[in-house]
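Colleague: Before I accept the labels on this model, I would like the reasoning behind each of them. Please take them one at a time.

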Amino acid sequence: MKLTIAIDGPAAAGKGTISRAVAAHFGLAHLDTGLLYRAVGARVAEGMEPLEAAQTLSEADLARSDLRSAAAGRAASEVAALPEVRAALVDFQRAFAARAGGAVLDGRDIGTVICPDADVKLFVTASAEVRAHRRWLELRAAEPDLREADVLAELRARDERDSQRSTAPLRPAEDAVTLDTSKLSIEEAVAQAVELVRRAVAGRE
Ligand code: C5P
């Protein structure tokens, strides 16, 4: 059975970890679509036009080692507000979702725009404070001077930009199941996500 799973939610809610674990559990390919926007943002920061950066994106761009930084996240959310950049990335994402073995895609608009017919849609969220703390823990090895309060402010600005933009804003699809990970450990969040997918798949059979 070909399974398409859409996992959306705001930054640092646990989407990435959950998506990788769900993909491994069900034997599916996984695409972190945030990486596409981060790679476009990084190329634009180097002087390229946004549309050209999106249209000529290659595997090598996605493998860059500087895409996880706070600056790359900010650049991503700026180019992600441009409708022509989003349009240029649709085909790649849909082709990935349509692969024979099935796939998990995570991002902001997977359940609403990229894969509106996904078999299972999860909206993974958590409070802004919890998300900022997690992101700060992640980033501080590489950026020791980073203050948690600044990470929180940055995250709030990114949430605002992602949910207020006119094209494909961040919001749960009507048929998405929300998973709030604020009070869950990684193991608990993954177990709940796997169970939600299992139930949705069982309901289809
Ligand atoms: O998920 P991640 O933090 O890597 O995403 C970086 C930025 O890329 C997000 O803040 C958002 O603006 C954008 N994005 C998007 N649509 C997606 C995935 C990411 O707009 N499907």
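Modeller: A polar contact is a pair of N or O atoms within 3.5 Å. The model is predicted, and the labels are applied to its computed coordinates.

Colleague: What makes Thr 33 a polar contact of the ligand?

Modeller: A side-chain N or O atom of Thr 33 is 2.9 Å from a nitrogen atom of the ligand. The cut-off is 3.5 Å, so the pair counts as a polar contact.

Colleague: How do you know that Arg 38 and Arg 86 make polar contacts with the ligand?

Modeller: For Arg 38, a polar side-chain atom lies 2.6 Å from an oxygen atom of the ligand. For Arg 86, the distance from a polar side-chain atom to a ligand oxygen is 2.7 Å. Both values are within 3.5 Å, therefore both pairs qualify. As for cover, the ligand on its own has 450 Å² of accessible area, and the protein covers 98% of that.

Colleague: What puts a residue in the shell around the ligand, and how many residues are there?

Modeller: A heavy atom within 4 Å of the ligand is needed, and 15 residues surround the ligand. The closest are Arg 38, Arg 86, Arg 108, Arg 158 and Asp 162.

Colleague: Why are 8 residues of that shell called charged?

Modeller: Because Asp, Glu, Lys and Arg count as charged, and 8 shell residues fall in that class. The others divide into 4 polar and 3 nonpolar.

Colleague: Which helices supply at least two residues of the shell?

Modeller: Helix 2 (34-45), helix 5 (70-79) and helix 9 (148-164) do. Helix 2 has the largest share, with 3 residues.

Colleague: Where does the ligand sit with respect to the pockets?

Modeller: The space taken by the ligand is the largest pocket. To sit in a pocket, more than half of a molecule's atoms must lie within 2 Å of the pocket's grid points. The volume of this pocket is about 760 Å³.

Colleague: What makes a residue part of the lining of the largest pocket?

Modeller: An atom within 4 Å of a grid point of the pocket. The lining has 39 residues, with Ala 11, Ala 12, Lys 15, Gly 16 and Arg 135 nearest the centre. By class, 15 are charged, 14 nonpolar and 10 polar. Helix 1 gives the largest share, 5 residues.

Colleague: What about the second largest pocket: what are its volume and lining?

Modeller: The second largest pocket has a volume of about 160 Å³ and is lined by 15 residues. Arg 135 is among those nearest its centre, as are Ala 70, Leu 139, Val 151 and Glu 154. Helix 5, helix 8 and helix 9 each give two or more residues to this lining, and helix 9 has the largest share, 5 residues.

Definitions and conventions. Residues numbered from 1 in each chain as written. Predicted model: local features only at pLDDT ≥ 70, side-chain atom pairs only at ≥ 80, totals over all residues. Heavy atoms only, no water. Polar contact = N/O pair within 3.5 Å; in protein donor to acceptor, adjacent residues only side chain to side chain. Areas by Shrake-Rupley, 256 points an atom, 1.4 Å probe, with all protein chains shown as cover. 1 Å grid on protein atoms, 1.4 Å probe; cavity = no way out; pocket = protein on both sides within 12 Å on 5 of 7 lines; lining within 4 Å. Helix = DSSP H or I, 4+ residues; strand = E, 2+ residues; numbered from the N terminus. Points joined across faces, edges and corners; volume = space filled by probe spheres on them.
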